[in-house]
Amino acid sequence: MTERLIVELTIFMLAVFVGFEVISKVPSMLHTPLMSATNAIHGIVIVGAMLVAGALIGGTAGHVIGLAAMLLASINVVGGFAVTGRMLQMFKAKAGPGK
Amino acid sequence: MSALQQTILPLAYLVTGLLLIVGLKFLSSPARAKTGNLLAGVGMVIAVVATGLDTHIVTWTDILIGGGVGSIIGYVSARMVKMTAMPQMVALFNGAGGGAAALVSAGEFMKLSAGGAIAAGELVPILLSTIIGAVSFAGSIVAFLKLQELMTGRPVTYAGQQVVNGIVVLAVVGIAVAMLLGHAGPWSFVALAIAAGLLGVLGVLPIGGADMPVVISLLNSFTGVAVAVTGFELGNSVLIISGTLVGASGTLLTTLMARAMNRSIANVLFGAFGSVKAAGAAGPTTAGGGTVRTATVEDVATLLAYGRSVIIAPGYGMAVAQAQHAVRELAANLEKRGVDVKFAIHPVAGRMPGHMNVLLAEANVPYSQLHEMDEINPQFDSADVALVIGANDVTNPAARNVPNSPIYGMPILDVDHAQHVVVLKRSMNPGFAGIDNPLYENPKTMMLFGDAKDSVSKLAAAVNTV
């Protein structure tokens, strides 16, 4: 348990640095698409929803909670990526002629 | 078989983590942003498929019911929404993610409760993820309602607001502590989720509609943190990595956005408190409020490099900084990218007539690129960017429309007619004539502060890399 926690904390710490580093130089015109993309990325919680939905298959209440979590998480993932794609498309169309 | 699964699933998660990081990296460059979005999407699919194939985890019916319906809702709403309504759409998706994190924790709580008392080490992440997820869920919905104008976009303030919010914070902390001390029944869990949701609602209510993008970005990083904590509770590395990535980059992004609006995050979040009277007057009319938008070198470089035509208006600042060689380099680099570059020469720019022409000729700027005021002024209307380098009074719109201004009636360069205006300036000090320049408060103006030579050199290098 403690060993697992240490490993997890290590991953966490490294991810914090990567998260800061990876977008440190972003032009403001990309702020909104980037926010939208990170929004889609936290939809990864769908994996957690699947795990919980599976583990609880017995109890009705638990099953409903798992399904609701999957529903919300999939809205987050699919909607998030689709919206980001649309934003970037608009952005490309505008920038295209200048390229 | 089981050993194979034990290797394949973590490996798939590792690939997902990698793709998400590379995707985010690409997303911060205009040229590769689309690829970045695609990479992140592929990473997501890999994680979901790998988890789904781990058959004992979840049945296909469940995947179809939960995931299928959600995907359709998400996709259709993302496709249907108008571009102008994007921010509130993102808010809703973010709320869905926060809600999902809280629900996952609820499920985990139920599962562990069935096996007797939950150890504190396991309960802490469950409680944290529930609190943060519920705050993000409820806060995002309020943000959506405000942006969609289903409720007032103005800050909602009332007497005793801080006291009420304080009590709710205490309630959340109190319930969580009580649960850790052994009162971890299902109803305490429900109470905790409700109190946290209430906190999200009350937290967003006093924030004005104009600040919503910053708030959504902040709630977005909250959801990231909630997902990361969910990863701790499930012992799932990909949730920890992805959630933390979003939490960290989201926090940074929130700061950047607030800075671009010349606000601090604290000011955005708590600005309405204690200014109940002022808020009424300040809400709708910030136009004359004197806010100045500051930009970074990357912002300006992107704007220039992806524009079709750029008109450079140099002034005394360029002369003082001896920036003409750097300016020529910038112009040459832009032209290499296919950007049309012209120079607008105001007759009294600098400290002597022809000052600018001389300096630019010295730096080998082709004479055909230099245009006199009367010739260039009509062209600002079709220019993407007007880049003002150390020129102040000769671009001051007050000369046009403020009769009591000392420079009223002076012919000026119509830089404010361009689609974007970028002003390179040493500081906010007024120019030679000592008068304020409303151009700097124009919503389409971005300011890049610093020594002209220094800024232009950086820009010249940056336009090659964006």
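Trainee: In this predicted model, in which handedness of crossing does α2(A) pass α4(B)?
Mentor: The two helices belong to different chains, and they pack with their axes 9 Å apart at an angle of about 20°. The contact is made by A:Met35, A:Ser36 and A:Asn39 on the side of α2(A), and by B:Val90, B:Phe93 and B:Asn94 on the side of α4(B). The crossing in which α2(A) passes α4(B) is left-handed.

Trainee: Are α2(A) and α4(B) roughly parallel or roughly antiparallel to each other?
Mentor: Their packing angle is about 20°, and angles under 35 degrees count as roughly parallel. The relation of α2(A) to α4(B) is therefore roughly parallel.

Trainee: How many charged residues does the contact of α2(A) with α4(B) have?
Mentor: The residues of this contact include A:Met35 from α2(A) and B:Phe93 from α4(B). Divided by class, the contact of α2(A) with α4(B) holds three nonpolar and three polar residues, and the number that are charged is no residues.

Trainee: Turning to the whole contact between the chains, which helix gives the most to the side of chain B that touches chain A?
Mentor: The contact takes 75 residues from chain A and 91 residues from chain B. Several helices of chain B each supply at least two residues of that side, among them α1 (2–27), α4 (86–114) and α9 (237–260). By class, the side of chain B that touches chain A has 49 nonpolar, 33 polar and nine charged residues. The helix that gives the most, with 19 residues, is α9(B).

Trainee: Within chain B, are α5(B) and α7(B) oblique or roughly parallel to each other?
Mentor: Helix α5 (residues 120–147) and helix α7 (residues 186–204) of chain B pack with their axes 7 Å apart, at an angle of about 40°. Roughly parallel would require an angle under 35 degrees. With that angle, the relation of α5(B) to α7(B) is therefore oblique.

Trainee: How many nonpolar residues does the contact of α5(B) with α7(B) have?
Mentor: Here α5(B) passes α7(B) in a right-handed crossing, and the residues that meet include B:Leu127 and B:Ile131 in α5(B) and B:Leu192 and B:Ala196 in α7(B). The contact of α5(B) with α7(B) has no charged residues and six polar ones, while its nonpolar residues number 14.

Trainee: What percentage of the 466 residues in chain B do buried residues make up?
Mentor: Chain B has 18 helices and six strands, and one of its helices, α2(B), has buried residues including B:Leu39, B:Met44 and B:Val48. For chain B, with its 466 residues, the buried share is 51%.

Methods. Residues numbered from 1 in each chain as written. Chains lettered and ligands numbered in written order. Predicted model: local features only at pLDDT ≥ 70, side-chain atom pairs only at ≥ 80, totals over all residues. Contact = placed C-beta atoms within 7 Å. Helix = DSSP H or I, 4+ residues; strand = E, 2+ residues; numbered from the N terminus. Nonpolar A, V, L, I, M, F, W, Y, C, P; charged D, E, K, R; others polar. Buried ≥ 20, exposed ≤ 12 C-beta atoms within 10 Å, placed from the backbone. Axes fitted to C-alpha atoms, helices over the stretch in contact; angles between N-to-C directions. Parallel < 35°, antiparallel > 145°, perpendicular 65-115°, else oblique. Left-handed = near helix turned anticlockwise from the far one by under 90°.
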